[in-house]
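User: I'm new to this structure and would love a close look at one part of it, the pairing of charged side chains and what surrounds it. Could you walk me through it in plain words?

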Amino acid sequence: MGEINQEAVEKYLEEHPQFAKEYFARRLGEAPGPSGTPQPTEEWAVCTELLLALQEEAGSAEPAVHRALQKLAQLLQADRCSLFTCRARNGTPEVASRLLDITPTSSFEDSLVLPDREAVFPLDIGIVGWVAHTKKAVNVPDVQKNSHFSDFMDKQTGYVTKNLMATPIVMGKEVLAVVMALNKVNASEFSKQDEEVFSKYLNFVSIILKLHHTNYLYNVESRRSQILMWSANKVFEELTDVERQFHKALYTVRTYLNCERYSIGLLDMTKEKEFYDEWPIKLGEVEPYKGPKTPDGREVIFYKIIDYILHGKEEIKVIPTPPTDHWTLVSGLPTYVAENGFICNMLNAPADEYFTFQKGPVDETGWVIKNVLSLPIVNKKEDIVGVATFYNRKDGKPFDEYDEHITETLTQFLGWSLLNTDTYDKMNKLENRKDIAQEMLMSQTKATPDEIKSILKIKEKLNIDVIEDCEEKQLVTILKEDLPDPRAVDLYEFRFSDFPISEHELIKCGLRLFFEINVVEKFKVPVEVLTRWMYTVRKGYRSITYHNWRHGFNVGQTMFTLLMTGRLKKYYTDLEAFAMLAAAFCHDIDHRGTNNLYQMKRALPCSYRKGLRSSFLQLGQRVDFVYESAGPWFTRVGAGGTLAPAQARGRPFLGPLPFPPELSLSRLGVFSSPLPSPAVIHTLEASASSSAK
């Protein structure tokens, strides 16, 4: 017998592979029993090893599944086993190779299929797709006789499939994966006992995948909630600008997006061009736009790109008016999404034939595009306002349906939040229009220098043309000389009548009232300012039947009489009395002479401004009403004929005060609707005169 060396042993084992398998299986104590069924002691050892593998590889599913399928390949005497994962992209379910060519002696690294090399096909191709579709296990003795068999994988790998067993791993209604055992060794097909062993030991694989999937779903929901919470927090912080609003939200949630890079393309929202943009086209100087358009008819023009770099050193790049050959646009995907409004989830994007993605590094960092997920950003009106594109999931896998749901939720929220910035922008525009209109109105209403000089007669008395050249004491002196005597015109009396006094003289009477309550000297109100204000108030009243300047003065004089003759001033400070008298004079400025119901039926702008709780009367209703001149300080007339002052802040309630019998309802502004006619007003005035007599 010759000498036995290592080279001779290796040569013998290579020439007798079956002997080698049985020998090593027997030496390791794992030799299968008859027909591949393990003995009780062997089964216990296998289960123990699988449980240990499950414990050791709890953080990652693939290594634990690989060890379990190694045992299955040995127990079933299968040539090899494979694992295909199930997922969905763009709303279409598909299966992808994850672990291939698993044998009792294969390494995990050799069996693992990297994301950029995986084979992906829909559920209508191959037996594995059919099993994922029907969710039922199959045992195929001869694949060539099976109508669902596809040699796609055989052509990809060079392997020849003869017979197989395939079983789905199902969690609820969702198929997580399909496990396959290929080519029974020393037999033409897998037996019923093999099916039982396959089903029994796949429970370990099922537990591993379900635990991993449950943990993945937890992470998905955690990311979704964090994204919504932080984006909601940030979009309401910024209302002035859509770009700042998007930037704050997207930058804050960047850690939860699980991608290496993402970009936001903002679309031009112009639907109708201005005439200066149309004329060059009509004159033939510029070619008309012939490119794609959004579903609402806008030209697809990205006016700004915001590029968020998360790999390596974080960086944000803003590209205003990006060129068409910019790497984010050159593929044509953002334009396609903006044109059609579709969600596009692409695996191995550079290999796609429809879109022309850059195959090499896109910038100096050396970063390359692998997988892409692109979505439209849609506002509340369902207009596409931008396109969000996410690149390369951090774990190297392609984006799945859960990534689509998370990013779709984010983009929808961003789109709906545009309502805030749109409303803010409209409010600003309306505010500007209001300011312009108010400025135009004030230019017509504000007292002119000549009108002020008709009260302050500086030319006649001081021989000065410009008020600014006068001293304040001089202005006070000449104004007081020209103001009427309050006793002579009954300004202290409730029976005061404005009929004998002209509207211009009523302005002087109003100025006299401010001097009588001693607020001009105390608060050092410039006489020229007070005169201009009083004249402007007079010009603010319209020439209508009742709510005109005479009515405004009557209410102001009534307030003055209540404070002085009615001795209410002792309950208020000088500043409060000053404010009450000023409010009484201007309480009905710009009154239209119609009530609120009429304005609402006519849909006039002031009806929306004042609302249902307007100071105008409701036509056809019996509403006893105190005008705004007395409203802040008095309640309405009580049944006992008393005026009850409202309780002021920090001031004790004073109780009911006697209602002066000579106080005319028309003076106070208390009456019942409908709106009184001039005849009714005359009757009320006559009643006031007769009661005074």
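Analyst: Let's begin with the term we need most: a salt bridge is a side-chain nitrogen of Lys or Arg within 4 Å of a carboxyl oxygen of Asp or Glu. The idea behind it is that side chains of opposite charge can pair when their charged atoms come close. What you see is a predicted model, in which local features need pLDDT of at least 70 and side-chain atom pairs count only at pLDDT 80 or more, while totals for chains, interfaces and linings use all residues. Residues are numbered from 1 along each chain as its sequence is written, and side-chain values use heavy atoms, with hydrogens and water left out.

By this rule, the model holds 35 salt bridges. A good one to start with joins Glu-528 and Arg-532, whose side chains come to 1.9 Å, N to O. Both residues belong to helix H17, residues 527-540. (Helices, H or I with at least four residues, and strands, E with at least two, are DSSP runs numbered from the N terminus.) Glu-528 and Arg-532 are four residues apart, about one turn of the helix. How well covered are they? Here, buried means under 20% relative accessible area, exposed means over 50%, and partly exposed is in between, with a 1.4 Å probe and protein chains only. Glu-528 is buried because its relative accessibility is 14%, whereas Arg-532, at 23%, counts as partly exposed.

Next comes a pair that links distant parts of the chain, 48 residues apart. Asp-590 sits in the loop between helix H19 (574-585) and helix H20 (596-601), and Arg-542 in the loop between H17 and helix H18 (549-564). Their side chains form a salt bridge at 2.8 Å, N to O. Both ends are partly exposed: Asp-590 has a relative accessible area of 28%, and Arg-542 has 36%. Elsewhere, salt bridges that share partners tie Arg-223, Arg-393, Asp-395, Asp-400 and Asp-403 into one network.

Staying in the loop between H17 and H18, we also meet Asn-548. Is Asn-548 buried or exposed? With a relative accessibility of 13%, Asn-548 counts as buried. Two heavy atoms within 4.5 Å make a contact, and beyond its neighbours within four places in sequence, Asn-548 is in contact with Tyr-541 and with Arg-542, the residue that pairs with Asp-590. The side chain of Asn-548 also reaches the backbone oxygen of Ile-544, at 3.0 Å. In addition, a polar atom of the Asn-548 side chain lies 3.2 Å from the backbone nitrogen of Arg-550.

One more charged pair is worth a visit. Arg-298 forms a salt bridge with Asp-296, and their closest N and O atoms are 2.9 Å apart. Arg-298 is buried, since its relative accessible area is 1%, while Asp-296 is partly exposed at 27%.

For a change of scene, look at Tyr-251 in helix H9, residues 242-252. Tyr-251 is partly exposed, with a relative accessible area of 32%. Setting aside residues up to four places away in sequence, Tyr-251 touches Tyr-262, Tyr-308, Glu-314 and Ile-316. Of these partners, Tyr-308 is 57 residues away along the chain, yet its C-alpha atom is separated from that of Tyr-251 by 7.9 Å.

Key:
Polar contact = N/O pair within 3.5 Å; in protein donor to acceptor, adjacent residues only side chain to side chain.
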